[in-house]
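Welcome, and thanks for taking a look at this one with us. Please have the sequence and the 3D view open side by side as you read.

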Amino acid sequence: MLALIAAGQSTFCQPASEPVEQKGPLQKVIGDYLSLGVNGRGANAYLIGYTGMPVYSSARDKGSQSTCYDDCALRWPPYIVGAQDDLGPKAGVEGKVGTTTRSDGNLQLTYNGRPLYFYAADKEGELPTGHNVDGAWRLARP
């Protein structure tokens with residue numbers, strides 16, 4: 001996944017026109033954006049990253065500073081971006097998109113000041129599975 005970021009490539013899902021229970025994205029678009037989009041509608045809507053996969057925040061983070069490294073970062077890969085990447089959010093993303101510098105020097109995408117992560121156990125075309133894992137992880141909502 002990090003190789004895709006480094007290469008500046010991205011895959012992005014458009015919001016589903018059917019309820020979130022619909023399996024799989026309706027369309028993928030290759031583009032230059034590494035920011036956030038929305039999948040689903042209304043109360044079922046959640047944020048997705050450049051891969052089209054759901055993104056999460058952790059209650060264990062200290063404000064905008066990530067506490068997820070080593071084994072945690074293998075299970076919950078941080079949403080890493082480059083300093084020159086276009087982070088402009090897609091339609092439906094109403095919060096503030098930004099970055100924070102991790103202690104390893106990488107830039108991590110934030111939403112409303114919270115660092116964002118992917119969940120390694122999520123599978124493409126399936127519903128998000130990381131919400132409330134260990135009581136600390138929350139599906140990011142628009």
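What follows is a short tour, from the overall layout to a few side-chain links.

**Overall layout**

Keep in mind that this is a predicted model. The protein chain has 2 helices and 10 strands, and along the sequence these follow the pattern α-β-β-β-β-β-α-β-β-β-β-β. Of the 142 residues in the chain, 41% are buried. The accessible surface amounts to about 7,300 Å², with carbon and sulfur atoms contributing 50% of that area. If you count contacts between residues at least 6 apart in sequence, 65% of them join residues at least 24 apart.

**The β7–β8 hairpin**

A good place to zoom in is strand β7, residues 97–101. In a regular strand, side chains alternate between the two faces of the sheet. Here, Gly-98 and Thr-100 make up the covered face of β7, while Val-97, Thr-99 and Thr-101 lie on the uncovered one.

Strand β8 (residues 107–111) pairs with β7 in the antiparallel sense, over 5 bridges. One bridge to look for joins Gly-98 to its partner Thr-110 in β8. The two strands form a hairpin with 5 residues between them, and Gly-105 in the turn has a positive phi of about 95°.

**Salt bridges and the disulfide**

How many salt bridges does the structure hold? There are 2, and there is also 1 disulfide. The table puts these links together.

| Link | Residues | Distance |
|---|---|---|
| Salt bridge | Arg-75 and Asp-134 | 3.4 Å, N to O |
| Salt bridge | Arg-102 and Asp-104 | 3.6 Å, N to O |
| Disulfide | Cys-68 and Cys-72 | 2.0 Å, sulfur to sulfur |

Take the salt bridge of Arg-75 and Asp-134. This pair links distant parts of the chain, 59 residues apart: Arg-75 belongs to helix α2 (residues 71–75), and Asp-134 sits in the loop between β9 (114–115) and β10 (137–139). Arg-75 is partly exposed, at 37% relative accessible area, and Asp-134 is partly exposed too, at 48%.

In the salt bridge of Arg-102 and Asp-104, are the two residues buried or exposed? Arg-102 is buried, because its relative accessible area is 4%, under the 20% cut-off. Asp-104 counts as partly exposed at 44% relative accessibility.

The disulfide is formed by Cys-68 and Cys-72. A disulfide is a covalent bond between the sulfur atoms of two cysteines. In this model the link of Cys-68 and Cys-72 is left-handed, with -105° about the S-S bond. Cys-68 is buried, at 1% relative accessibility, whereas Cys-72 is partly exposed, at 26%.

**Around Val-133**

Let us finish in the loop between β9 and β10, where Val-133 is found. Is Val-133 buried or exposed? With a relative accessibility of 13%, Val-133 counts as buried.

Which residues does Val-133 touch, leaving aside neighbours within four places in sequence? Val-133 is in contact with Arg-75, Trp-76 and Tyr-119. Between Val-133 and Tyr-119 there is a separation of 14 residues in sequence, and their C-alpha atoms are 9.9 Å apart in space. Arg-75 is worth another glance here, since this residue also takes part in the salt bridge with Asp-134, a residue of the loop between β9 and β10.

Terms used:
Residues are numbered from 1 along each chain as its sequence is written. This is a predicted model: local features need pLDDT of at least 70, side-chain atom pairs count only at pLDDT 80 or more; totals for chains, interfaces and linings use all residues. Side-chain values use heavy atoms; hydrogens and water are left out. Buried means under 20% relative accessible area, exposed over 50%, partly exposed in between (1.4 Å probe, protein chains only). Helices (H or I, at least four residues) and strands (E, at least two) are DSSP runs, numbered from the N terminus. Two strands pair if DSSP finds at least two bridges between them. A salt bridge is a side-chain nitrogen of Lys or Arg within 4 Å of a carboxyl oxygen of Asp or Glu. A disulfide is a pair of cysteine sulfur atoms within 2.5 Å. Contact means heavy atoms within 4.5 Å. Accessible areas come from the Shrake-Rupley method with a 1.4 Å probe; for residues, only the protein chains shown count as cover.
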